[in-house]
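User: I'd like to go through this model with you and hear the reasoning behind each label. Could you take me through it step by step?

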Amino acid sequence: MEVIYERCCGLDVHKDKIVACIRSGNRKETRTFGTVTEDLLLLIDWIKSEGCQMVAMESTGSYWKPVYNLLEMEGIPAMVVNAQHIKAVPGRKTDVTDSEWIADLLKHGLLKGSYIPSRDQRELKELVRYRRSMIDERARELNRLQKVLEGANIKLGSVVSDINGVSARQMLMSMIQGNEDVDKLVLFAKGKMREKTEDLKRALKGMMGEHQRMILTRMMEHINYLDGLIEGLDEEIKRRMRPFEEKVAALDAITGVGERSAQTIIAEIGIDMSTFPSARHLASWAGMCPGNNESAGKKKSGKTRKGNNTLRCTLVECAKAAGRSKNTYLSEQYKRLAARRGRNRAAVAVGHSILTIAYYILRDNRTFYDLGADYFEKRKKKDIVRRAVKRLEALGYKVTIEEEISA
């Protein structure tokens, strides 16, 4: 078998230890290191002293990150490999044999590195993912707040569309302070909510105990804290996104995609689409396309594979938002698929379309153009006409078709 790297290193990375195996010609040497920075620097010095041409490691959780960061800083070529692609032979698995197996595969060029973005993009991705975690945490706290209100027999969530809106928050704060007069509470209603005065009076009449006021006070403090945290993250992400403002605006124009979603897409896949040979490769990497599972000529379950969970969730959310839009190509695609295959599969398919659109926008510097809700009908115009004529003829009519010529 052809040797690609004469001197290379395979790393089996764990939380508290790293087993490293260096292959140099026919010589093989294995050592074990800790994972604190001091131990990692000793590992880097050993790799440099051996003149390794390439280092490979499994993408195990987040444990590969400190090793990769130091290798990147020292300018040592390294690749992170999907663990599924380098499974050792069953029955012969230890940490030492794992590192030797990785080094042997690397030596003969049988490993393919995963997509690792630049350091700036990795930092941006961490910020975007942390912001999403805080938004999810705020949603969970609002759900808990709603449960406490239900326990107090206050049905505010049944009347207002957003329990975290300005009017609802002011009503809640007034109730927490001891105000039980519903006539005064409804005065906090703003805008269209004033039209629901009678419903609000009925919903706000409850039995709130002291322990519930104390719980709601802590919850509102937590929600306010999370709001401030999210606002600060938004500002930092916008600052880092300034070089890509045009790209964010271009993605924001896609039906169902908002500014935050556009920022998430760029943070996860970057703006250099040369990393992905085609839109299909990108969809496969993101886990937004059906899987292949065929044996003996029979197609089995083709459920989507595991991919980039953050990107996948964002695209599904965008797809559902696009499905609620009016007279657009993506909304029509969602409705057609949901009627036949269900809403969940329709959301994944429309998310796939959004990712494909984003790929070509970023690769070719294009702008988004909506094909329109009637695109599918126009594409199958002849079939629609043929079926309509056939049904009329079956009812005993003689049909003559004349196409209207537009001026």
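Analyst: Happily! This is a predicted model, and its protein chain exposes about 24500 Å², with carbon and sulfur atoms supplying 49% of that area. The fold holds 16 helices and 7 strands.

User: What makes the protein chain more spread out than a compact globule?

Analyst: Its radius of gyration is 29 Å, whereas the globule rule gives 22 Å for 407 residues; the value is well over the rule, so the chain counts as more spread out. Along the principal axes, the C-alpha trace spans about 85 × 80 × 45 Å.

User: Why is the pair of Phe 276 and Trp 285 called tilted?

Analyst: The planes of Phe 276 and Trp 285 meet at 55 degrees. Stacked needs under 30 degrees and edge-to-face over 60, so this pair is tilted. Their centres lie 5.4 Å apart, and both residues belong to one aromatic cluster with Tyr 115.

User: Is Phe 276 buried or exposed, and how do you know?

Analyst: Phe 276 has 5% relative accessibility; buried means under 20%, so Phe 276 is buried. Trp 285, at 27%, falls between 20% and 50% and is therefore partly exposed.

User: Why is the pair of Tyr 329 and Tyr 375 called edge-to-face?

Analyst: Their planes are 75 degrees apart, and over 60 counts as edge-to-face, so the label follows. Tyr 329 sits in helix α13 and Tyr 375 in helix α15, so the pair ties together parts 46 residues apart in sequence.

Terms used. Residues numbered from 1 in each chain as written. Predicted model: local features only at pLDDT ≥ 70, side-chain atom pairs only at ≥ 80, totals over all residues. Heavy atoms only, no water. Helix = DSSP H or I, 4+ residues; strand = E, 2+ residues; numbered from the N terminus. Rg over C-alpha atoms; globule rule 2.2 N^0.38 Å. Areas by Shrake-Rupley, 256 points an atom, 1.4 Å probe, with all protein chains shown as cover. Phe/Tyr/Trp six-rings, centres within 6.5 Å; stacked < 30°, edge-to-face > 60°. Buried < 20%, exposed > 50% of the residue type's maximum accessible area, 1.4 Å probe, protein only.
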